[in-house]
Amino acid sequence: MMDGGEVSAFLEFVRIVLAFGLPVGILDRGAALRGTKFLAQATLKARLGRGRPFQMVNVGACDGALFDDVTPWLHRIANSRALLVEPIPYNQKRLRANYPDMERFIIEPVAVTRSKGTIRVKTFDAAALEAGTLPIEFIGCSSIMDTNLMSGKSAWGEADDNFAKFAPYLKDIEVASEPLQALLDRHGVDYIDAFLVDCEGADWAVFDQLDLNRYRPGLIKVEVGALPAAEIGEVLVKLKTAGYSVGIYAEDVWAFA
């Protein structure tokens with residue numbers, strides 16, 4: 001029998017095979033599968049030594065592994081590069097451990113905001129996360145916004161009976177913040193192949209700053225699960241106006257140039 005790691009690798013292999021084998025008409029209806037095909041093609045292109053190095057920008061990178069089906073492809077795409085933006089110190093340590101090549105993978109320890117300064121971020125106690133006192137998914141739930149999770153509500157906006165169990169581990173920290181373009185300019189990012197945003201409610205505030213005419217990433221993935229309806233609409237309008245093919249899978253909007 002296969003162990004957990006072997007099962008995961010097998011399922012990922014099946015997903016790649018499906019991504020290449022399905023007709024375009026069906027693939028277009030499966031946003032995540034289309035994303036897999038895009039990344040697999042980038043992997044093949046890099047192995048053949050064609051074109052410029054694949055470059056990703058990920059805002060809200062967390063540790064680049066948990067519940068992330070895109071960032072780990074950096075390990076498969078030869079000579080790929082990335083600007084990984086993550087303001088939470090605990091996550092930064094995990095992120096660097098997962099992406100140790102400091103030349104290829106730059107970590108920016110800031111939050112992306114519309115102006116430079118500092119901002120308060122709600123997060124969970126690192127020791128409680130490390131000890132397993134809190135659910136593992138809380139590692140990626142820090143936010144500058146008053147999301148349902150942070151305010152004791154369920155996904156449906158109702159009172160969460162479990163809030164009292166983890167409320168003692170919530171804390172506010174102050175982090176540096178900068179506009180997106182300032183980060184891109186500082187690191188000489190002149191093209192982007194994949195652009196990811198997972199900022200727990202601040203996703204539109206980040207994505208709104210990306211100049212699609214200048215960068216036009218081939219793949220864009222924006223988490224919208226914590227956004228109000230109006231901002232989800234803003235994300236979709238920006239993408240469609242720029243001529244992107246758009247699909248939604250779970251809580252994410254996927255878009256392809």
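**A colleague's note on the predicted model**

1. Let me start with one residue that caught my eye. Arg81 is partly exposed, its relative accessible area being 29%. That figure lies between the two cut-offs, under 20% for buried and over 50% for exposed, and so Arg81 belongs to neither class. Please keep in mind throughout that this is a predicted model.

2. Where does Arg81 sit? Its place is in strand S2. Leaving aside neighbours within four places in sequence, Arg81 is in contact with Pro53, Phe54, Gln55, Met56, Leu74, Glu103, Arg104 and Phe105. One of these partners, Phe105, is 24 residues away from Arg81 in sequence, yet their C-alpha atoms are 5.7 Å apart in space.

3. A few words on the whole chain may help here. The protein has 257 residues, and 43% of them count as buried. Its secondary structure comprises ten helices and ten strands. Among contacts with a separation of 6 or more, 68% are between residues 24 or more positions apart. The protein exposes about 13000 Å², of which carbon and sulfur atoms supply 55%.

4. Strand S2 (81-85) leads us on to helix H4 (residues 89-98), since S2 is part of what covers the buried residues of that helix. Strand S3 (105-108) and helix H5 (126-131) are also included in this cover. Which residues of H4 are buried? They are Tyr90, Asn91, Gln92 and Leu95.

5. Gln92, found in helix H4, is worth a look of its own. Is Gln92 buried or exposed? It is buried, because its relative accessible area is 18% and the cut-off is under 20%. The side chain of Gln92 reaches the backbone oxygen of Pro87 at 3.2 Å. Pro87 is also among the contacts of Gln92 outside its neighbours within four places in sequence, together with Glu86, Ile107 and Pro109.

6. Strand S6 (residues 170-178) has two partners to check. With strand S4 (residues 111-112) it runs parallel, joined by two bridges, and Ala111 stands opposite Ser177 in S6. With strand S5 (residues 117-124) the arrangement is antiparallel, and eight bridges join the pair. Here Ile119 has Val175 in S6 as its bridge partner.

7. Towards the other end of the numbering, helix H10 (residues 229-241) is 13 residues long. From its first C-alpha to its last H10 reaches 18 Å, close to the 18 Å expected at 1.5 Å a residue. Its buried residues are Val235, Lys238 and Leu239. Seen down the axis of H10, they fall within an arc of 95 degrees, so they line one face of the helix. The general background is that an α-helix has 3.6 residues a turn, so residues three or four places apart point the same way.

8. What do the buried residues of H10 pack against? Their partners are helix H8 (203-207), helix H9 (212-215), strand S8 (219-223), strand S9 (245-249) and strand S10 (252-256). On the other side of H10, the exposed residues are Ala229, Ala230, Val237, Lys240 and Thr241. Just after the helix, Gly243 takes a positive phi of about 85 degrees.

Methods: Residues are numbered from 1 along each chain as its sequence is written. This is a predicted model: local features need pLDDT of at least 70, side-chain atom pairs count only at pLDDT 80 or more; totals for chains, interfaces and linings use all residues. Side-chain values use heavy atoms; hydrogens and water are left out. Buried means under 20% relative accessible area, exposed over 50%, partly exposed in between (1.4 Å probe, protein chains only). Helices (H or I, at least four residues) and strands (E, at least two) are DSSP runs, numbered from the N terminus. Contact means heavy atoms within 4.5 Å. Accessible areas come from the Shrake-Rupley method with a 1.4 Å probe; for residues, only the protein chains shown count as cover. The expected span of a helix is 1.5 Å times one less than its number of residues. The arc is that of the directions from the helix axis to the C-beta atoms. Two strands pair if DSSP finds at least two bridges between them. A polar contact is a pair of N or O atoms within 3.5 Å; within protein, one must be able to donate a hydrogen and the other to accept it, and residues adjacent in sequence count only if both atoms are side-chain atoms.
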